[in-house]
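Please open the model in your viewer and keep the selection tool at hand. The stops below follow one another, and each says what to select and what is there.

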Amino acid sequence: MASQGLVYDGCNFFRQRLVLSTLSGKRVKIKNIRSKDDDPGLRDFEASFIRLLDKVTNGSRIEINQTGTVLFYQPGLLYGGSVEHDCNQQRSIGYYLEALLMLAPFMKTSLKATLRGVTNDPVDPTVDLLKSTALPVMKKFGIGGDGFELKVVKRGMAPGGGGEVVFTCPVCRTMRPVQLTDPGKIKRIRGVAYSVRVSPQMANRIVESARGVLNQFLPDIYIHTDHMKGANSGKSPGFGLTLVAETLNGSFLSAEMSSTPQGQGDPVLPEDLGRNCAKLLLEEIHRGGCVDSSNQSLALLLMTLGQQDVSKVLLGPLSPYTIEFLRHIRDFFQIMFKIEVQKPFEDERKGGDKVLMTCVGVGYSNINKTLK
C-alpha cells in the first residue's frame, strides 16, 4: 500500500481520483476497472482523459495492464502551457473541462487549452453552463484576471461532435478565502437557446415556452438565441437551452437540457424542452445555496487549496458526487470540513436542508514544498 500510494476499487469517480492525485502529488492505483463486464477495462473516453492529463503535466508516470482493468498513476508537475486535445466523442467536452477548471489555477505557466469534440450533450455539463457558473465561482476565490475566459468557437452536438472550445486561465498566485453564507434573492435570469443544423425557429420556440413558465415569477428574463451555421455548426443536428439565475449577492444557479442525440431514443419537442428546463431551474433555486449543485465540488476543492484561513460556503443538499468528493479530499489532503445543517423554513420544506461547509485551507504552496 505504501509503495503504491492510495488504492481504489472500480471505475466510479475516476476523474476525482486522478485530479486530486495530480494536485496532492500522491500516487494512486485503481484496480478492478469493470473487471466483471463483458468488455472489461478502461473506456476510450477515460483513456482520452488520461492523455489530456499527460499533456498538462510534466513527468507523469502512467501504467495500465493488458486488459485495462488496473491503472497506476504517479503524477508529475502541473506545467500548463498551450495544449490541444481531441476529446473522445463518447463524452462531451464538459467532462474534460470540469477537470481542467480544477487544475488550471495551480499550473506553472498559464494554460491555453483548445478542446475539440462534442460541446453539448444530455449527459455532461455543457460548455455554456460551465462558462456561466463555474468561472464566476472561481473569480470569487480570486482566480482570473486578463485572459481568463472560455470561448465556444464551434458548436458540436452529440453524437457527431465537430465542436471546438478555447479555455485560457492565468496562473493564480494567491487565492483569497471566501465567506459565501447568504445567496440573496433572485434578481434576473439569463440564458442561451442554441440550435445547429436545424431550423433557427427551434431556438425561438424554446425561448417562448421557457418564458411562459419563468415570467410568472420574474420580469427580468433575457434568453439569447445562438444559431451557428456552416463549418461552425458541427456534424450533428440538435438544440438545447442553458438557463442561469443570478442572485442579489452574485450567486449563480443553473439548469440545462439538450435534445436527444440523433438516432438515440425518442425525439423531443422544443416546447417541452423549454418548459422542462425552466422547471429544472426552479427546482435548483428551491434547493438554494450560494453554489449550484453542478459546481459544489469545484468550490470545495478551492476552499481546501486556498490560504490557511477559514472559508465558509452555504450549499443546497449535497449531491452524491459531492459526498464522494469530500471523502476523497479527506484521503488525499487529510482535510475534514465542518458541516452544519440548516433546517429550512416551513414554506420551503421540500427544498431539503441547506448545508454550511466550513474549512481551513491547506495552502497549495505548502503541498508544493512537501513535493520538492
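In which loop does Pro-159 lie? Select Pro-159 and you will find yourself in the loop between β9 (149–154) and β10 (163–169), where a cis peptide bond with omega of about 0° joins Ala-158 and Pro-159. For comparison, most residues other than glycine have a negative phi, and most peptide bonds are trans.

Before going further, note that this is a predicted model, in which local features need pLDDT of at least 70 and side-chain atom pairs count only at pLDDT 80 or more, while totals for chains, interfaces and linings use all residues. Residues are numbered from 1 along each chain as its sequence is written, and side-chain values use heavy atoms, with hydrogens and water left out. Helices (H or I, at least four residues) and strands (E, at least two) are DSSP runs, numbered from the N terminus.

Select next strand β1 (residues 6–9), which has a covered face formed by Leu-6 and Tyr-8 and an uncovered one formed by Val-7 and Asp-9. Strand β2 (residues 28–31) runs parallel to β1 and is joined to it by four bridges; two strands pair if DSSP finds at least two bridges between them. Within this pair, Asp-9 stands opposite Lys-31 of β2. Add helix α1 (residues 14–24) to the selection, and β1, α1 and β2 together make a right-handed β-α-β unit (right-handed if, with the strands pointing away from the viewer, the path from the first strand over the helix to the second runs clockwise).

Two loop residues belong to this part of the tour. Phe-13, in the loop between β1 and α1, has a positive phi near 55° although it is a residue other than glycine, and at 26% relative accessibility it counts as partly exposed. Arg-34, in the loop between β2 and α2 (44–56), likewise has a positive phi, of about 50°, but at 15% relative accessibility Arg-34 counts as buried. Buried means under 20% relative accessible area, exposed over 50%, and partly exposed in between, with a 1.4 Å probe and protein chains only.

Now select helix α3 (residues 93–103), where eleven of the eleven residues are buried, so that the helix is largely enclosed by the rest of the structure. Among them are Tyr-95, Tyr-96 and Glu-98.

Turn then to the open sheet of four strands, whose order is β13-β12-β14-β15, with mixed pairing. β13 (221–228) and β15 (252–258) stand at the edges, each with a single partner strand, so one side of each is left without a neighbour in the sheet. Strand β14 (residues 238–247) pairs with β15 in the antiparallel sense over seven bridges, and Ala-245 has Leu-253 in β15 as its bridge partner. Helix α4 packs on this sheet, touching β12 (186–196), β14 and β15, and its direction makes about 165° with that of β15; contact means heavy atoms within 4.5 Å, and angles run from 0 to 180 degrees between N-to-C directions of axes, which are lines fitted to C-alpha atoms, for helices over the stretch in contact.

Finally, keep α4 (residues 127–140) selected and add helix α7 (residues 296–305): their axes come within 10 Å and cross at roughly 15°. The two helices are therefore roughly parallel to each other, a term for angles under 35 degrees. Where they meet, Ala-134, Val-137 and Met-138 in α4 face Leu-298, Ala-299 and Leu-302 in α7.

Note on methods
Angles under 35 degrees count as roughly parallel, over 145 as roughly antiparallel, 65 to 115 as roughly perpendicular and the rest as oblique.
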